[in-house]
Amino acid sequence: MNIQTLRKINKIKKILHPKRLKIAEQILIVLFIALLIPMIISGLIINNINQQAMRHQLRISAELIANMISDEIDVFYKIVNGELKQINTTLHYLPNQETKQDYLKKIQNNFSYYADLKLVNTLKDIEQLKKQKINEEKFILYQKTSNNKYLVAVFNNSDLNNHMFKSLKDDARQIYIIDTSNNLIAQHNYTEDLYKQSVKLLPKKLKDNIPIIYGNKKNQPIAYLHKTNPELTIIVNTTEKITKNTINENRFKLLMAVFISSLSIFIIVALYIYYMYINIRQLFKGIMAVSKGSYERRIHLLKSIFTPYEIVFLASEFNKMASEIHKSYLQLKEQNIKLEQLNEFRSNLIDTVSHELRTPLTSIQGYTSRLLRTDIQIDEETRQKSLRIIKKQSERLKRLIEDLLVIPDIERDRIRVALEPVWISDSIETAMTLAKNQEEKEIINNISEDFPLVIADKDRIEQVIVNLIENAIKYSKEGTPIVISGDYNAQEATINIANQCDKIPEEKLKTLFEKFIRMDDKTTRTTRGTGLGLFIVKGLVEAMNGKIALSSDEEYGFKVDIVFPLFKSVTLKP
C-alpha cells in the first residue's frame, strides 16, 4: 500500500470520526441550526408575505385613486354643466347676438377658470375646435342651446390639473386623463415615456366605470377607469419610485428588524454561552488540578443572572469535596511524617541500643569469663579491677534501660513527680558527685549556699543536673571548665550550665531536644551516648512545671538554662 492510499484512508477516517467539539463550539452550532436558520427562513417567508401585501396594497391604492379622480371629474362636470345651463338660459332671453357675446365675455372675465366662452353652429365646428385646443393644451365642454346652436366652454389643462389633483399634490403616482382619441386632457407627474407606455398597454376593449389593473409588472400596477359620462379614461401608473418607497423600503425595514432581533438573541445567547463557558472552564481546571494532586485549588465562578443554579451548586459541592480531600491529604501527610519519624526512631533505637548495649555487654562478658577461668592464677588486684569494670558497665546498662523506659512516660505526659521544696545548692553538689568525670574536667559551681528554695522533685532535679553536667563534660573543649551559675527574681530561679565548644548553629539547637539527636553525627561521633539525654531532661523539667532553653554564643559554645518556680511563690499541691 503506497503513501497516497494511506493519506486517502486517513482523510476518510477523519471524516467518519471527527474530533469532539468543545461546549462553546457545540452551542454555536446548535444556535446556528436552531435559531439562525429558522430566523433566516422566517425572514424570507415574512418578506415574501410582506411583498405580497404591499403589492396588493399598491393595487388597491391605484384603484382608489382612480375612483377618487373619477369622483373629482363627476363633481367638476356637474358644476360646469350647471353653470353652462344657467348661462344657456340667460342667453335665451338676450335679444341679439352682440348682447350675447358681451355677456359671455363678462362671464369669462368674472370666472378665471374659463379660458374662452363662445357659441358655435354645428358639432363639426366643435370637433375642429377640439383638435385646435388640444394642441394648445386646452380642452372644451359644450352644451346645446335653445336655438340649436352650441355653447362651448374652453378650459386650460393646468386649471383642470389644479382642480383634479389638488388632494394628490404629494403623491408620486403618475395620473393621466385622456379622451376617446387618447388625447391627454389632464396629467399629474407627467413623464412622456411612461405615459406612452401606459397608453400602449391599455386593452383594446375597456370595461366601463370600474377600476381595472393591467400591465405586466407585478410590483408596478397600472389601473385604468373608463368613464362613459363624460367619456374619459383615467390611468393611474405606479412608478418605480413608489415601489421602492413601499415594497423595497418595507422589505429593508423588515429584514433589518429580523436582523436586529436575531442579533439581539445572538448577543444574549453569546453572553449566556460566555458565562457558561468561563464557569465550565473553571470546573475543568479545578478537576484537572485535583487530578494532578493540587487539593488546595478552589473554583471561583463568574456569577451573574446568566449563571445556572446547577453550575453554582456543582462548584460549591466541588469546593467542599476539595476541602475534605485537602484535609484528608494533610492528615495523611502528617501521619506519613509521623510514620517516617517512627521508622527513623525505630532505626535509631535499634542502632543506638545495639551499639550502646554491645560495648558494656562485651566488657562484662569478657571480664566475667576471665574471673571464671581456673587454668590461670588471678591476683587480688586484678580481680578487684575486673569487678569494678563489670560494676561500671552494669551501671551503664542500667542508665540506658532507665532512659529507654522513661521515653514513653515523657511522650504520654505520665511522669510521676513528687514536688517539694528543694535546695538547689545541695542538689548541684550531689549531682557533681554522681556525674561521671573520667577526664577530671574542672567544674565551677557559682551557686551560693543561700540560693532560695525551688519547687521540684529532688531525685528528678538531681537526675537532670547530672545529665546536663555529663553532657557538658563530653562536648567541652580540652582544658576548659564547666560553669554552673544561677539567678533568681521574686517568682522563679534560673540555673545555667555552660561549657566551651564551637558555636552551634541555630538550626542545630532547635533539634537537640528531639530523640536520638547528638551534637556530633554518625560520621564525626567522638563520644558515647544514646542521644536521649536532652530529650529526657526537657521532659523531666516540664513535668516539674519548669522551663528549659538552649543557647550558643562566642563566649560559651553551649549553654542550658533551666527555670523553676520559687517555693515562697507557689502553694504545694498534696
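These legends accompany five close-up views of a predicted model.

**View 1. The largest nonpolar core and its best-connected members.** Here we are looking at a core of 47 residues, in which Phe-558, Ile-562 and Phe-564 touch the most other members. Helix α11, spanning residues 458-475, gives this core its largest share, with eight residues. If you would like a second place to look, another core lies apart from this one and holds 37 residues, among them Ile-65, Leu-91, Ile-213 and Ile-234.

**View 2. The surroundings of Phe-564.** This view stays with one of the three residues that touch the most other members of the largest nonpolar core. Leaving aside residues up to four places away in sequence, Phe-564 touches Val-454, Ile-455, Ala-456 and Ile-461, and also Glu-492, Ala-493 and Ile-495. Val-541, Met-544 and Gly-546 complete the list of its contacts.

**View 3. The cis peptide bond between Asn-229 and Pro-230.** Take a look at the backbone here: the bond joining Asn-229 and Pro-230 is cis, with omega at about -5°. Pro-230 sits in the loop that runs between strands β7 (222-228) and β8 (231-237).

**View 4. Two asparagines with positive phi.** Asn-189 is not a glycine, yet its phi is positive, at about 60°. You will find Asn-189 in the loop between β5 (184-188) and α6 (192-200). With a relative accessible area of 34%, Asn-189 is partly exposed. Asn-545, also a residue other than glycine, has a positive phi near 65°. The loop that holds Asn-545 runs between α13 (533-543) and β14 (547-551). Because its relative accessibility is 55%, Asn-545 counts as exposed, the cut-off being over 50%.

**View 5. The second largest pocket and its lining.** This pocket encloses about 630 Å³ of space. Its lining is made of 22 residues, and those nearest the pocket centre are Tyr-77, Lys-130, Ile-140, Leu-141 and Tyr-142. To trace the lining through the fold, start with β2, which supplies the largest share, five residues. At least two lining residues come from each of α2 (23-93), α4 (123-135), β2 (138-144), β5 and β8. For anyone thinking about the chemistry of the lining, the classes are 10 nonpolar, six polar and six charged residues.

Technical notes:
Residues numbered from 1 in each chain as written. Predicted model: local features only at pLDDT ≥ 70, side-chain atom pairs only at ≥ 80, totals over all residues. Heavy atoms only, no water. Core = buried A, V, L, I, M, F, W, Y, C linked by side-chain atoms within 4.5 Å. Buried < 20%, exposed > 50% of the residue type's maximum accessible area, 1.4 Å probe, protein only. Helix = DSSP H or I, 4+ residues; strand = E, 2+ residues; numbered from the N terminus. Contact = heavy atoms within 4.5 Å. 1 Å grid on protein atoms, 1.4 Å probe; cavity = no way out; pocket = protein on both sides within 12 Å on 5 of 7 lines; lining within 4 Å. Points joined across faces, edges and corners; volume = space filled by probe spheres on them. Nonpolar A, V, L, I, M, F, W, Y, C, P; charged D, E, K, R; others polar.
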